[in-house]
Amino acid sequence: MSTIFALGSGTPPAGVALIRLSGPAAGPTLKALTNRPLPAPRHTSLRRLHDPRTGTLLDTALTLWFPAPASFTGEDCVELHLHGSPAVVAGVLDALSAMPGLHPAEAGEFTRRAFLNGRIDLTQAEALSDLIVAETAAQRDQALTNASGRLRAKAESWRHHLLTLLADAEADLDFAEEEADVAAGLATVRHRVAPLLAELDSALASADSGARVRDGLTIAVIGPPNAGKSSLVNALAARDVAIVTPHAGTTRDIIEVPLNLGGVPAIVLDTAGLRDSTDPVEAEGIARARARAASADLILLLGEESIDVPGSVLKIRNKIDLSEERPGDHGSHVALSATTGAGLDSLLDRLIAWARAQMPPGEPALVTHARHVHWLSTAREDLRAAQRQPDPVLRAESLRLAVRALGRLTGAVDAEAVLDQIFSRFCIGK
Ligand SMILES: Nc1nc2c(ncn2[C@@H]2O[C@H](COP(=O)(O)OP(=O)(O)OP(=O)(O)O)[C@@H](O)[C@H]2O)c(=O)[nH]1
Ligand SMILES: [K+]
Ligand SMILES: [Mg+2]
């Protein structure tokens, strides 16, 4: 195994910069940089770092030594907490590049090593990747609980339970000759698989909310041309994201704007004004607007007319600066002015209350990725097949397939195929 190093903190200048190393050369490298024996494991020690080639002083740094296996990657690790200056960081990285056996890390390579050394499983790696990009409290809570290995623990206990069941089913194959034995074998499997199926059902039931927290609730802004949809989206985002003009038919492509609704992540979609259009470009925009509205969690409908859409609709009366109406939440609709901002707070209050109501109470979701859904549903199908299968050989095979599906969920089996996909989403130094 080679030894990798990377800047783990953001681009300098910053208060502090963190460089981490992982691999067998980490310890010798620290000794060479400090010209001293290794510090006590897991204790900070202040050390002068010199370039081993020239003896030049590079920085005075807090150093940490994590001998294997009690480290993030499971390998020997070193952390250097440096002054966050571009020159200091460049000097240390340059000195490291010249050390024998050291290589700059690829994106996600520290986490990948943690997986390969069994420190974390695939579901924890996915949760860590979600944690890095988490923007709201709900995303953070969900990622943190799963990074601690909640789904991994469940999947491993299910798999363990099934392995015992499979061993018994295979042992029975040698004996079950009598009709009565065969029937008894099936009854036993039915009975022992039932509680597991119930647990898989409840885990899969959390998948919707898991995906919503990860991807955000979608809110589509819909209405006729010039109703002020883009103006409203800009006001909600407090940025000039969408083009606003007095020209009807300005917006064509759907514009997505992330919004933090009281800790709940949401995406607001600005859409093309709905009307009959002969312009093929505008007509395509309108078709897309309708399609996205159909799958949105909430529609903000501007303008008077009602449109035929499934799901929740909140009516907005915009441009009240041009009318007599009071700004604010009138129950049936919210009255506001996207240009003056009057009534915008009432809309945000209403959206936050709605968003919080969409989040199920209690623990964060266990199942958060399409990959989890795939393997858990596969295991569930295999178990249902086992419950129905009168033939003991085929029944054992179904149990074996369920074991395998759970193994693929955690990466205990056939992880190679998804490794690149998962770890490429990480940044360098993670
Ligand atoms: N007075 C007033 N004008 C507004 C308000 N909101 C939008 N407008 C104006 O209405 C015109 C259309 O606004 P847009 O935000 O582009 O409307 P849109 O619904 O996105 O229009 P399309 O993308 O063409 O469908 C612009 O001139 C805006 O300045 C408002 O609250 N008050
Ligand atoms: K417009
Ligand atoms: Mg627009």
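Which residue just after H5 takes a positive phi? Keep that question in mind as you open the model, which is a predicted one, and begin the tour at the helix that the question names.

**Stop 1: helix H5**

Select residues 137-147, which make up helix H5, and colour Ala 138, Gln 139, Gln 142, Ala 143 and Asn 146, since these are buried. If you turn the view until you look along the axis, you will find that these residues cover an arc of only 125 degrees, which puts them on the same side of H5. To see what that side meets, add H4, helix H6 (150-173), helix H8 (207-215) and strand E9 (264-270), against which the buried residues of H5 pack. Now step just past the end of H5 to Gly 149, which answers the opening question with a positive phi of about 100 degrees.

**Stop 2: helix H1 and the residue after it**

Move next to residues 26-34, helix H1, where Ala 26, Thr 29, Leu 30 and Leu 33 are buried. Seen down the axis of H1, its buried residues fall within an arc of 100 degrees, so they line one face of the helix. H1 is followed by Asn 35, whose phi, near 55 degrees, is a positive value in a residue other than glycine. Asn 35 belongs to the loop between H1 and strand E3 (45-50), and it counts as exposed because there are 12 C-beta neighbours inside 10 Å.

A second residue of this kind can be selected at Ala 238, which is not a glycine and yet has a positive phi of about 55 degrees. Look for Ala 238 in the loop between helix H9 (229-237) and E8, where, with 11 C-beta neighbours inside 10 Å, it counts as exposed.

**Stop 3: the seven-stranded sheet**

Now display the strands E8-E9-E7-E10-E11-E13-E12, which in this order form an open sheet with mixed pairing. Strand E8 (255-261) and strand E12 (328-329) are at the edges, each with a single partner strand, so one side of each has no neighbour in the sheet.

Is strand E10 (residues 298-302) largely enclosed or exposed, and why? Five of its five residues are buried, so E10 is largely enclosed by the rest of the structure. Show the side chains as well, and notice that Leu 298, Leu 300 and Leu 302 point one way from E10, while Ile 299 and Leu 301 point the other way. On one pairing, strand E7 (residues 217-222) runs parallel to E10 and is joined to it by four bridges, with Ala 220 opposite Ile 299. On another, five bridges join E10 to strand E11 (residues 312-317), again in parallel, and here Leu 300 stands opposite Leu 314.

At the edge strand E12, the pairing is antiparallel, with two bridges to strand E13 (residues 333-335), and Asp 329 has Val 334 as its bridge partner in E13.

**Stop 4: ligand 1**

Centre the view on ligand 1, which is surrounded by 22 residues, the closest being Gly 228, Ser 230, Ser 231, Thr 251 and Gly 273. Colouring this shell by class gives seven nonpolar, twelve polar and three charged residues.

**Stop 5: annotated positions**

The unreviewed UniProt entry carries a "binding site" annotation that covers Arg 20, Glu 79, Arg 119 and Lys 430. Select Arg 119 in the loop between helix H3 (109-116) and helix H4 (122-133); this residue is partly exposed, with 18 other C-beta atoms within 10 Å, and among the residues it touches are Phe 72, Thr 73 and Gly 74. Then select Lys 430 in the segment after helix H14 (416-423), which is buried, with 22 other C-beta atoms within 10 Å, and which touches residues including Gly 108, Phe 110 and Ile 132.

**Stop 6: two cis peptide bonds**

Finish with the backbone between Pro 12 and Pro 13, where the peptide bond is cis, with omega near 5 degrees; Pro 13 sits in the loop between strand E1 (3-7) and strand E2 (16-22). Another cis peptide bond joins Ala 68 and Pro 69, with omega about 0 degrees, and Pro 69 can be found in the loop between strand E4 (57-66) and strand E5 (77-83).

Terms used: Residues are numbered from 1 along each chain as its sequence is written. Chains are lettered from A and ligands numbered from 1 in the order in which they are written. This is a predicted model: local features need pLDDT of at least 70, side-chain atom pairs count only at pLDDT 80 or more; totals for chains, interfaces and linings use all residues. Two strands pair if DSSP finds at least two bridges between them. A residue is buried if 20 or more other C-beta atoms lie within 10 Å of its own, exposed if 12 or fewer, and partly exposed in between; C-beta atoms are placed from the backbone. The arc is that of the directions from the helix axis to the C-beta atoms. A residue is near a molecule or strand if its C-beta atom, placed from the backbone, lies within 6 Å of it. Ala, Val, Leu, Ile, Met, Phe, Trp, Tyr, Cys and Pro count as nonpolar, Asp, Glu, Lys and Arg as charged, and the others, Gly among them, as polar. UniProt positions are given in the numbering used here, feature names are shortened, and annotations may be inferred rather than shown by experiment. Two residues are in contact if their C-beta atoms, placed from the backbone, lie within 7 Å. Lists of a residue's contacts leave out its neighbours within four places in sequence.
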